[in-house]
Amino acid sequence: MVSLASASFSVCLFVFLSIANSQYYNSPLKFFNVLDYGAVADEKRDNSQAFLKAWEDACQWRGRSMVLIPYGTYMLRSVSFEGPCRSLMRFVIKGVLKAPTSPSLFNTNTWIGFRYINGLVVKGGGYLDGQGASAWPYNDCSKNPHCMPLPVSGDVVFE
């Protein structure tokens, strides 16, 4: 038999969670545009720190947030976007993210990583340019047993 106090607590908890959930979904979406953090779409300049700072601010935002990469081509070294975040994350790539060709510019075997994030959505119509064949001459793994292999990205297009 359910007591009146237990039933009242359950109803109050349901109402509280419903209100909190509706406030989240009714809150305006806050954009964290990488250009506002100093990113430059010139295909040459390293934009890693601007992207990471935009991610950090969006990840800590209490409400709906979106990291926005506008149209253009952005050079990006090895980066890891990490959580946990305070809410669901959206990562919208409208432009092109371009990998460097030199293996010395990668500190891990991952070019772009997402870690410890629940509910991540990546979309936008842009794509990742790992530079494929143009980067292969810089990889000397066939001659150097201590080389760092280039990260693998393949061709990734976001709808």
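Analyst: Quick word before we start: helices (H or I, at least four residues) and strands (E, at least two) are DSSP runs, numbered from the N terminus. Also, what you're looking at is a predicted model.

User: Okay, how many helices and strands does the protein chain have?
Analyst: Let's walk along the sequence: the pattern reads α-β-α-β-β-β-β-β-β-β-β-α-β. Tallied up, the secondary structure of the protein chain comes to 3 helices and 10 strands.

User: What share of the residues in the protein chain count as buried?
Analyst: A residue has to fall under 20% relative accessible area to be called buried. Of the 159 residues in the protein chain, the share that makes the cut is 37%.

User: And what's on the outside: how much of the exposed area do carbon and sulfur atoms supply?
Analyst: The protein chain exposes about 9900 Å². Carbon and sulfur atoms supply a share of that area equal to 57%.

User: Which element gives the largest share of the largest nonpolar core?
Analyst: That core has 25 residues, and those with the most contacts inside it are F51, W55, V67, I69 and L97. Two or more residues come from each of helix 2, strand 2 (65-69), strand 4 and strand 5. The largest share is 6 residues, and the element giving them is helix 2.

User: W55 is on that list. Which cysteine is W55 in contact with, leaving aside its neighbours within four places in sequence?
Analyst: Among the partners of W55 are V67, F81, M89, F91 and F114. I117 and L120 are in contact with W55 too. The cysteine among the partners of W55 is C85.

User: Which residue does a disulfide join to C85?
Analyst: A disulfide is a covalent bond between the sulfur atoms of two cysteines. A search of the whole structure turns up 1 disulfide. Its S to S distance is 2.1 Å, and the residue joined to C85 is C59.

User: How many residues apart are C59 and C85?
Analyst: The pair links distant parts of the chain, with C59 in helix 2 and C85 in the loop between strand 4 (79-82) and strand 5 (89-93). Along the chain, their separation in residues is 26.

User: Is the link of C59 and C85 left-handed or right-handed?
Analyst: Look at the angle about the S-S bond, which is -105°. With that value, the link of C59 and C85 is left-handed.

User: Are those two cysteines, C59 and C85, buried or exposed?
Analyst: C59 has 3% relative accessibility, while C85 has 19%. The cut-off for buried is under 20%. So C59 counts as buried, and C85 too counts as buried.

User: Back to the loop between strand 4 and strand 5. Which residue does a cis peptide bond join to G83?
Analyst: The bond has an omega of about 10°. The partner sits in the loop between strand 4 and strand 5. Joined to G83 by this cis peptide bond is P84.

User: Which residue's backbone oxygen does the side chain of S87 reach?
Analyst: S87 lies in the loop between strand 4 and strand 5, and counts as buried because its relative accessibility is 12%. Its side chain reaches that backbone oxygen at 2.7 Å, and the oxygen belongs to G63.

User: Now N47. Which residue has its backbone nitrogen 2.7 Å from a polar atom of the side chain of N47?
Analyst: N47 sits in the loop between strand 1 (30-33) and helix 2 (48-60), and it's buried, with a relative accessible area of 2%. Contacts of N47 beyond four places in sequence include G38, A39, Y74, M75 and L76. The backbone nitrogen in question belongs to V40.

User: Is E43 buried, exposed or partly exposed?
Analyst: E43 is found in the loop between strand 1 and helix 2, and it has a positive phi of about 70° although it is not a glycine. T73, in strand 3 (residues 73-75), is in contact with E43, and also with V40, A41 and D42 among others. At 39% relative accessibility, E43 counts as partly exposed.

User: What about Y116: buried or exposed?
Analyst: Y116 lies in the loop between strand 7 (112-115) and strand 8 (121-123). Its phi is near 60°, a positive value in a residue other than glycine. Since its relative accessibility is 54% and the cut-off is over 50%, Y116 counts as exposed.

Key
Residues numbered from 1 in each chain as written. Predicted model: local features only at pLDDT ≥ 70, side-chain atom pairs only at ≥ 80, totals over all residues. Heavy atoms only, no water. Contact = heavy atoms within 4.5 Å. Buried < 20%, exposed > 50% of the residue type's maximum accessible area, 1.4 Å probe, protein only. Polar contact = N/O pair within 3.5 Å; in protein donor to acceptor, adjacent residues only side chain to side chain. Disulfide = S-S within 2.5 Å. Areas by Shrake-Rupley, 256 points an atom, 1.4 Å probe, with all protein chains shown as cover. Core = buried A, V, L, I, M, F, W, Y, C linked by side-chain atoms within 4.5 Å.
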